[in-house]
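Colleague: I have just opened this structure and would like to learn how to read it. Could you walk me through some features, beginning with how two helices pack?

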Amino acid sequence: MGLRTRRVKIGTTELGAGAPIPVQSMCATHTQNIGETVAQARAMAAAGAGVVRIAVDSDKDAAALAEIRRQTRGAVNLSVDLQENWRLSASVAPHVDKIRYNPGHLHHHEREMTVVQKVAFIIEQARNAGCAVRIGVNCGSTDPAQTASHPGDSVGATVESALQHCAIVDALKFTNYVVSIKDSDPKKVIEANRRFAKARPDVPIHLGVTEAGLPPGGVMKTRLAFEPLLAEGIGDTLRVSLTVPNDQKPLEITEGRRIVDDVRAGRFLARDYVLSGLNIISCPSCSRVENQDFVKLAEKVRDLVQPLKEHEITIAVMGCRVNGPGETDDADLGLWCGPTHVNVKRGTEKIGAFKYDEVLDKLEAEIAALIARKKTAAAGS
Ligand code: SF4
């Protein structure tokens, strides 16, 4: 826990300034399915979640959130996840304890307005409703201006984006905020958070390795980043993002709490863990998933590549069209799921869309071709 960070209040949860580290998660149910979302939020709170996040992308989601709040009041501290539609902060702020916005998603709507004006709007809603705010920077959707000004330095781009938004929020004289800088690569998570903590030791940090994937590998990948950072006193709250079926979502909380307890007790389980060979990145799913077969697909991909573990290949499996296209760009092969088809990419190049029962054959062929290309390149070098 950061000792020099300031205290931030999210409903009944407090973090920063040496407070115990609360663990967070996010509902993977459809937000408009109020019954399932309330049940999942309660299950996470029962497992010890300090905050539970809900995705809201539309007015209908916002209306559902109001009812979810009514049914969980006093039992769950709620956070809302905004994507491009930052104006929804006005209708959701009265029903949550925290608003998360992504600096990389403020460039799509109402382009005539400046980013500063949009942030001012969000902060105004948070201030009026007594909410906290998370500035949530993500490697897969970094502010394009920062990416352009940091060629080949994705960590620099994410850190600079976070610092820029801290300055905007500071100028608005709002202090009840935290920052997250997430990446799917644990090494980059360590580097980015160290750099940010050095530049802004006062700002509480929410730690996360995004799209860590399926357990148990996803837990170890997360530990690789969290164990050294927490041991250095960096990190005031955290989330372990795992690809698991909906009824197992509270696992994110139990694993997160275990990491915190282990570090406090001096147990570092990832110290000798080496991340090499075949790497599967897969998202933890959320309300935006359009086909519940996404988790099964990720599991089948894991099983398919078991015999190929020694190959240095990264495969990304993402649950939706919102973040799927961008967050598969850095992988050798990427899959992102639509309602009836799975889109397949080779790096940034889209190969095609395939039915759920056909896509594994396509992936297998692409992996074989990729390995053959790598062998040819190695032989020629
Ligand atoms: S990739 Fe899509 S479905 Fe997966 S967590 Fe991100 S927004 Fe949700």
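Modeller: Happy to! This is a predicted model. For a helix pair, look at the angle and the distance between the axes: helix α1 (residues 34-46) packs against helix α2 (residues 59-72) at an angle of about 45 degrees, and their axes are 10 Å apart. That angle makes α1 oblique to α2, because angles under 35 degrees count as roughly parallel and those from 65 to 115 as roughly perpendicular.

Colleague: What is the handedness of the crossing of α1 and α2?

Modeller: The crossing of α1 and α2 is right-handed.

Colleague: Which residues of α1 and α2 meet?

Modeller: From α1 come Ile34, Thr37, Val38, Ala41 and Arg42, and they meet Ala64, Glu67, Ile68, Gln71 and Thr72 of α2. Sorted by class, this contact of α1 with α2 has five nonpolar, three polar and two charged residues.

Colleague: Let me try another pair. At what angle do helix α10 and helix α12 pack?

Modeller: Helix α10 (residues 294-305) and helix α12 (residues 359-380) pack at about 40 degrees, with axes 11 Å apart. That makes α10 oblique to α12, and their crossing is right-handed. On the α10 side the contact is made by Lys300, Val301, Leu304 and Val305, and on the α12 side by Leu360, Leu363, Glu364 and Ile367.

Colleague: How do the residues of the contact of α10 with α12 divide by class?

Modeller: They divide into six nonpolar, no polar and two charged.

Colleague: Now the loops. Where is His109 found?

Modeller: His109 sits in the loop between β6 (98-101) and α4 (115-129). To judge its exposure, count the surrounding C-beta atoms: His109 has 13 others within 10 Å and is therefore partly exposed, since a residue is exposed at 12 or fewer and buried at 20 or more.

Colleague: Which residues is His109 in contact with, leaving aside neighbours within four places in sequence?

Modeller: Those are Glu84, Asn85 and Trp86. You can also compare separation along the chain with separation in space: His109 and Val179 are 70 residues apart in sequence, and their C-alpha atoms are 23 Å apart.

Colleague: What should I look for in the backbone angles?

Modeller: One thing to check is the sign of phi. Glu110 has phi near 50 degrees, a positive value in a residue other than glycine. Glu110 lies in the loop between β6 and α4, and with 14 other C-beta atoms within 10 Å it is partly exposed.

Colleague: And what is the phi of Ala17?

Modeller: For Ala17, phi is near 55 degrees, a positive value in a residue that is not glycine. Ala17 belongs to the loop between β2 (13-15) and β3 (23-26). Ala17 counts as partly exposed because 16 C-beta neighbours are inside 10 Å.

Colleague: I also want to understand omega. What kind of peptide bond joins Pro215 and Pro216?

Modeller: Here it is a cis peptide bond, with omega about 5 degrees. To place it on the chain, find Pro216 in the loop between β9 (206-213) and α8 (217-231).

Colleague: Last, the ligand. How many residues surround it?

Modeller: The ligand is surrounded by 13 residues, and the closest are Cys283, Cys286, Gly319, Cys320 and Asn323. By class, the shell around the ligand has seven nonpolar, four polar and two charged residues.

Colleague: Thank you, I will go back to the picture and find each of these.

Terms used. Residues numbered from 1 in each chain as written. Predicted model: local features only at pLDDT ≥ 70, side-chain atom pairs only at ≥ 80, totals over all residues. Helix = DSSP H or I, 4+ residues; strand = E, 2+ residues; numbered from the N terminus. Contact = placed C-beta atoms within 7 Å. Axes fitted to C-alpha atoms, helices over the stretch in contact; angles between N-to-C directions. Parallel < 35°, antiparallel > 145°, perpendicular 65-115°, else oblique. Left-handed = near helix turned anticlockwise from the far one by under 90°. Nonpolar A, V, L, I, M, F, W, Y, C, P; charged D, E, K, R; others polar. Near = placed C-beta within 6 Å.
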